[in-house]
Amino acid sequence: MRVVVWLVEGTWPACVDAVRRHAPQATDTVLLYVDQHDVPGLAHGAFAGLLGRARSEADPGDRLEDLEVPAATRLLDAAAERLGRPCTRLERGGRPEREVVAAAAGADLLVLARDGDRSRPGPHSLGPAGRFVVDHAPCPVLLVWPEPAPEAGPPPSPPGPGVH
């Protein structure tokens, strides 16, 4: 069984814990991190466009590139340690929803956390990226709450007579 786990800052522990609870020990687990921001590229462009190319100061985009790689590596390392069993670490760049769906090709299960309004259950607990992944995943999806699920509460009352 091959399981792909989409790791996102702030919610990844719940996804890793779900794999530990629900996937068999012999699972081939892929920990996936998608770098969705081109912050270094933006900094390079701003430096060149706003400050000019002939300036003697160091390009801040270079420093941001140096910081970006260790952050992804630290997250993948922490997730692998929490998982506590052999796994593959995969880092991709691009639009997260597209990269996650592509990485899930051939998987038996995709695990992700809710990425929207998690204060109450319902369709808004999924953000645009999460909704895209759930709608387009090429395999079954395990959608987890990154914290205890909120109370559902009573169902809404039906509208009264004459109310449309």
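Where does alanine 107 lie? Before I answer, a word on what we are looking at: this is a predicted model, in which local features need pLDDT of at least 70 and side-chain atom pairs count only at pLDDT 80 or more, while totals for chains, interfaces and linings use all residues. Residues are numbered from 1 along each chain as its sequence is written, and side-chain values use heavy atoms, with hydrogens and water left out.

Now to the residue itself: alanine 107 lies in the loop between H4 and E4, where helices (H or I, at least four residues) and strands (E, at least two) are DSSP runs numbered from the N terminus. Alanine 107 is buried, with a relative accessible area of 10%, and here buried means under 20% relative accessible area, exposed over 50%, and partly exposed in between, using a 1.4 Å probe and protein chains only. Setting aside neighbours within four places in sequence, alanine 107 is in contact with Arg2, Val4 and Cys139, contact meaning heavy atoms within 4.5 Å. Its C-alpha atom is separated by 9.3 Å from that of valine 30, although the two are 77 residues apart along the chain.

Let me step back to the whole chain, which has 5 helices and 5 strands, arranged along the sequence in the pattern β-α-β-α-α-β-α-β-α-β. Of the 164 residues, 36% are buried, and among contacts with a separation of 6 or more, 75% are between residues 24 or more positions apart.

Next, the interior. The largest nonpolar core, a core being a set of buried Ala, Val, Leu, Ile, Met, Phe, Trp, Tyr and Cys residues joined through side-chain atoms within 4.5 Å, has 22 residues, and those with the most contacts inside it are Val3, Val5, Leu7, Val19, Leu31 and Val111. Two or more residues of this core come from each of strand E1 (2-7), helix H1 (12-22), strand E2 (28-35), helix H3 (60-83) and strand E4 (109-113). A second, separate core of 17 residues includes Ala103, Ala107, Leu112 and Phe132, and so our opening residue, alanine 107, appears there. Returning to valine 19, and leaving out its neighbours within four places in sequence, we find it in contact with Val3, Val5, Thr29, Leu83, Arg85 and Val111.

One helix pair deserves a moment. The axes of helix H4 (residues 96-103) and helix H5 (residues 128-136) come within 9 Å and cross at roughly 25°, these axes being lines fitted to C-alpha atoms over the stretch in contact, with angles running from 0 to 180 degrees between N-to-C directions. That makes H4 roughly parallel to H5, since angles under 35 degrees count as roughly parallel, over 145 as roughly antiparallel, 65 to 115 as roughly perpendicular and the rest as oblique. Where they meet, Glu97, Arg98, Val100 and Val101 in H4 face Ala129, Phe132, Val133 and His136 in H5.

Finally, three more loop residues. Threonine 11, in the loop between E1 and H1, counts as buried at 10% relative accessibility. Glycine 94, in the loop between strand E3 (88-93) and H4, is partly exposed, with a relative accessible area of 31%. Is histidine 124, in the loop between E4 and H5, buried or exposed? At 59% relative accessibility, histidine 124 counts as exposed, and, apart from neighbours within four places in sequence, histidine 124 is in contact with Gly116 and Asp117.
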